[in-house]
Amino acid sequence: MLVVMVIGGIAIWAGVTFLFLHAARHRREAWPAEKAGALIAWGGVAFPTVVLLLLLSYAVWLMPAIRPWNPLAEKDGAIEVTGEQFWWRIRYPAVGDQPAFETANEIRLPVGRPATFSLKATDVIHSFWIPALGGKMDMIPGRTNYLTLTPTRTGSYRAPCAEFCGASHAYMAFSVIVMEEDDYNAWRRRLINGQASAANEGGQLLQRHGCVGCHSLRGLQVAGQTAPDLTLIGARLSIGAGALANTPENIARFIRSPSSVKPGAKMPAFNMLPEDDVEEIARYLGGLK
């Protein structure tokens, strides 16, 4: 679609530029009013109007492939994406004997298969946009919108929030990883079966310091629902919804002072914790792969 729009824009620009240069040429005699009127009507009105109508028709023709009335969109099997300040809650539906599960700030998709997204927001308007795949849809509190996209090649892509949503709007993004079908199924099984060990020192510290009151990690007794799920967080490309590279050092930095990384983040600072505890929690989370 982008290529077609660019070609259409270039055609209009070239046509208008040609008319401008043609009209600006020095002539010994003034143009008759009829000839000047015809030049304006055909070159300045008719030509751009026809090109723009063709582009509009093309865009409307494409719309059924991505809009809610797409017959391929199975809304019951949609990936639910909820925008929150300032992160993305992502819930995958049950498939066959595999149960539904939740993750955060990263979407993985099988290549060549249409993916339908159920888009929501809990606080303010956000906007779901994966530039490499096309299509953009607002996420409005109290409303559910649907969008269907089909990834055609494997790779990792960045997807920013495309609607200003607060102080950390620029630091609200998610990763999209398009995988081969077998790799995607293996990742899905690994994430469903991923378990955090309560016997591990890092797991004990997460519980002792109240982290699980907001965050959930499968395998621990307490599972908070108000903050991103941390199950297998070590396998994600970034932390803090794209704010930092996923390293133990950056995880520790985020734990100490989230607002220094993401202004307006609702997570409180934990700089009162012993430094050894923070580093152990960071190493533990970074190893959950």
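**View 1. The charged end of K136 sits over the ring of W129.** In this predicted model, the distance from that charged end to the centre of the W129 ring is 5.3 Å. The view belongs to a pair of strands, β6 (residues 126-129) and β7 (residues 136-139).

**View 2. Strands β6 and β7 run antiparallel and are joined by 4 bridges.** S127 has D138 in β7 as its bridge partner. The two strands make a hairpin with 6 residues between them. G134 in this hairpin has a positive phi, near 95 degrees. As background, side chains in a regular strand alternate between the two faces of the sheet.

**View 3. Y92 and F101 form a stacked aromatic pair.** The model has 7 aromatic pairs by the rule used here. In the pair of Y92 and F101, the ring centres are 4.9 Å apart and the planes differ by 10 degrees. Are these two rings buried or exposed? Y92 is buried, because its relative accessibility is 0% and the cut-off for buried is under 20%. F101, with a relative accessible area of 4%, is buried by that cut-off too.

**View 4. Y184 and W187 form a tilted aromatic pair.** Why is the pair called tilted? The planes of the two rings stand at 35 degrees, so the pair falls between stacked, under 30 degrees, and edge-to-face, over 60. The ring centres are 5.8 Å apart. Both residues belong to helix α3 (residues 181-193). Y184 and W187 are 3 residues apart in this helix, so about one helical turn separates them. Y184 and W187 are both buried.

**View 5. W88, F117, F128 and F174 form a cluster of rings.** Ring pairs link these four residues. F128 lies within the residue range of strand β6, 126-129.

**View 6. The largest pocket holds about 670 Å³ of space.** The lining of this pocket has 33 residues. Which of them are the closest to the centre of the pocket? They are H215, A227, P228, F254 and M267. Three elements, β11 (238-239), α5 (248-256) and α7 (275-286), each supply at least two residues of the lining. Helix α5 gives the most, with 3 residues. By residue type, the lining of the largest pocket consists of 21 nonpolar, 7 polar and 5 charged residues.

Notes
Residues are numbered from 1 along each chain as its sequence is written. This is a predicted model: local features need pLDDT of at least 70, side-chain atom pairs count only at pLDDT 80 or more; totals for chains, interfaces and linings use all residues. Side-chain values use heavy atoms; hydrogens and water are left out. Two strands pair if DSSP finds at least two bridges between them. Rings of Phe, Tyr and Trp (its six-membered ring) pair if their centres lie within 6.5 Å; planes under 30 degrees apart count as stacked, over 60 as edge-to-face and the rest as tilted. Buried means under 20% relative accessible area, exposed over 50%, partly exposed in between (1.4 Å probe, protein chains only). A charge sits over a ring if NZ of Lys or CZ of Arg is within 6 Å of the ring centre and within 35 degrees of the ring normal. On a 1 Å grid over the protein atoms alone, a cavity is a set of points where a 1.4 Å probe fits but cannot get out, and a pocket is an open set with protein on both sides within 12 Å along at least five of seven lines; lining residues have an atom within 4 Å of a point. Grid points are joined across faces, edges and corners, and a volume is the space filled by probe spheres set on the points. Ala, Val, Leu, Ile, Met, Phe, Trp, Tyr, Cys and Pro count as nonpolar, Asp, Glu, Lys and Arg as charged, and the others, Gly among them, as polar.
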